[in-house]
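This text guides the reader through one protein model, from its overall make-up to a few chosen details. Please keep the structure in view while reading.

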Amino acid sequence: MSDDAAAGAGAATDAAAVRTARRDGIAVGLATAAYGVSFGALAVASGLDVWQACFLSLVMFTGGSQFALVGVVASGGVAAGGSAIAAAALLGVRNVVYGMRMRPVVGSRGVAHRVAAAWLTIDESTAVALAQSTDRAARVGFWVTGVAIFIGWNLTTLAGALIGDALGDTRAYGLDAAAAAAFLGLLWPRLKRLQAGATAVVAAVVATIATPVLTPGLPVLVAALVAVVIGWFDLLGRRREA
């Protein structure tokens, strides 16, 4: 094959990869944005108003941390605010790791570019980018997924918050307990490996034991610290190998 033919074939392959990345990004964006309706309604059920729910989605923009925050607030009210922020921050730490992995992919073209990339570095944008076969496709996948989710998530958060606000007493519909269920739904697909599943069980037991003793919001932090220790030192993994 001549150099021109090889270059043409490479360009065609790259173009196909970009189209796939764009299609994947839009599909993942639409599917993920649907969760925003649940978050908006659950945020209102936890005691936030419509604009506070929208502000969280706009500024925090990380689904797991947002569900964790409203879940803790729902269990302890305003008094659990500090614990809710701490729990959300612990979950948000993973985005720092994503950022380090994504920096070579998205590049650096100035402050505005870096800020936008950091804002859109979430589970889904990272996953779509890493699934692509070429560097250009990875960049396209990252940006398309991130932008699609950001726009969709904020719109559906508003819709969900308005629905929850219109319902009035959301406890009558069971939404006060749905925050924990929604967060479990996000967590469940990550528990396929033995280490992750066992860590979740240990953390749940610790939280259950601590709940009657500690003030609202603190049990989840204690459980999170236990999970971090187990994961960091790979305690359960070592026991299995032994």
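The protein contains 13 helices and zero strands. Read from the N terminus, its elements follow the order α-α-α-α-α-α-α-α-α-α-α-α-α. The model is a predicted one. Of the 242 residues in the protein, 36% are buried.

Helix α3 offers a suitable place to begin. Its buried residues are Val50, Ala53, Cys54, Leu56 and Ser57. These residues lie on the same side of α3, because the arc they cover around the axis is only 155 degrees. A general property of helices helps in reading such a pattern. An α-helix has 3.6 residues a turn, so residues three or four places apart point the same way. Trp51 and Phe55, in contrast, are exposed on the other side of α3.

Both ends of this helix deserve attention. At the start of α3, Asp49 places a side-chain oxygen within 3.2 Å of the backbone nitrogen of Trp51. Just after α3 comes Phe61, whose phi is positive, at about 45 degrees. Phe61 counts as buried because its relative accessibility is 3%, and buried means under 20%.

The aromatic residues come next. How many aromatic pairs does the structure hold? There are three aromatic pairs. One of them is formed by Phe39 and Trp153, and this pair is stacked, with 6.3 Å from centre to centre and 25 degrees between the planes. The pair links distant parts of the chain: Phe39 belongs to helix α2 (residues 35–45), Trp153 belongs to helix α9 (residues 135–167), and 114 residues separate them. Phe39 and Trp153 are both buried.

Phe61 and Phe150 form another aromatic pair, which is edge-to-face, with 5.0 Å from centre to centre and 85 degrees between the planes. Since Phe61 lies in the loop between α3 (50–59) and α4 (63–76) while Phe150 lies in helix α9, this pair ties together parts that are 89 residues apart in sequence. Phe150 is partly exposed, because its relative accessible area is 23%, and the partly exposed class lies between the limits of 20% and 50%.

Helix α4 also contains Val70. Is Val70 buried or exposed? Val70 is buried, as its relative accessible area of 0% shows. The C-alpha atom of Val70 is 7.2 Å from that of Leu42, although the two residues are 28 residues apart along the chain.

The last topic is the open space in the model. Rolling a probe the size of a water molecule over the atoms shows where empty space is left. The second largest pocket has a volume of about 220 Å³. It is lined by 13 residues, and the closest to its centre are Gly99, Arg103, Arg114, Ala117 and Ala118. Which helices each supply at least two residues of this lining? Helices α6 (94–106) and α7 (111–119) do so. With six residues, α6 gives the most to the lining of the second largest pocket. Sorted by class, this lining has five nonpolar, six polar and two charged residues.

Terms used. Residues numbered from 1 in each chain as written. Predicted model: local features only at pLDDT ≥ 70, side-chain atom pairs only at ≥ 80, totals over all residues. Heavy atoms only, no water. 1 Å grid on protein atoms, 1.4 Å probe; cavity = no way out; pocket = protein on both sides within 12 Å on 5 of 7 lines; lining within 4 Å. Points joined across faces, edges and corners; volume = space filled by probe spheres on them. Helix = DSSP H or I, 4+ residues; strand = E, 2+ residues; numbered from the N terminus. Nonpolar A, V, L, I, M, F, W, Y, C, P; charged D, E, K, R; others polar. Phe/Tyr/Trp six-rings, centres within 6.5 Å; stacked < 30°, edge-to-face > 60°. Buried < 20%, exposed > 50% of the residue type's maximum accessible area, 1.4 Å probe, protein only. Arc of directions from axis to C-beta. Polar contact = N/O pair within 3.5 Å; in protein donor to acceptor, adjacent residues only side chain to side chain.
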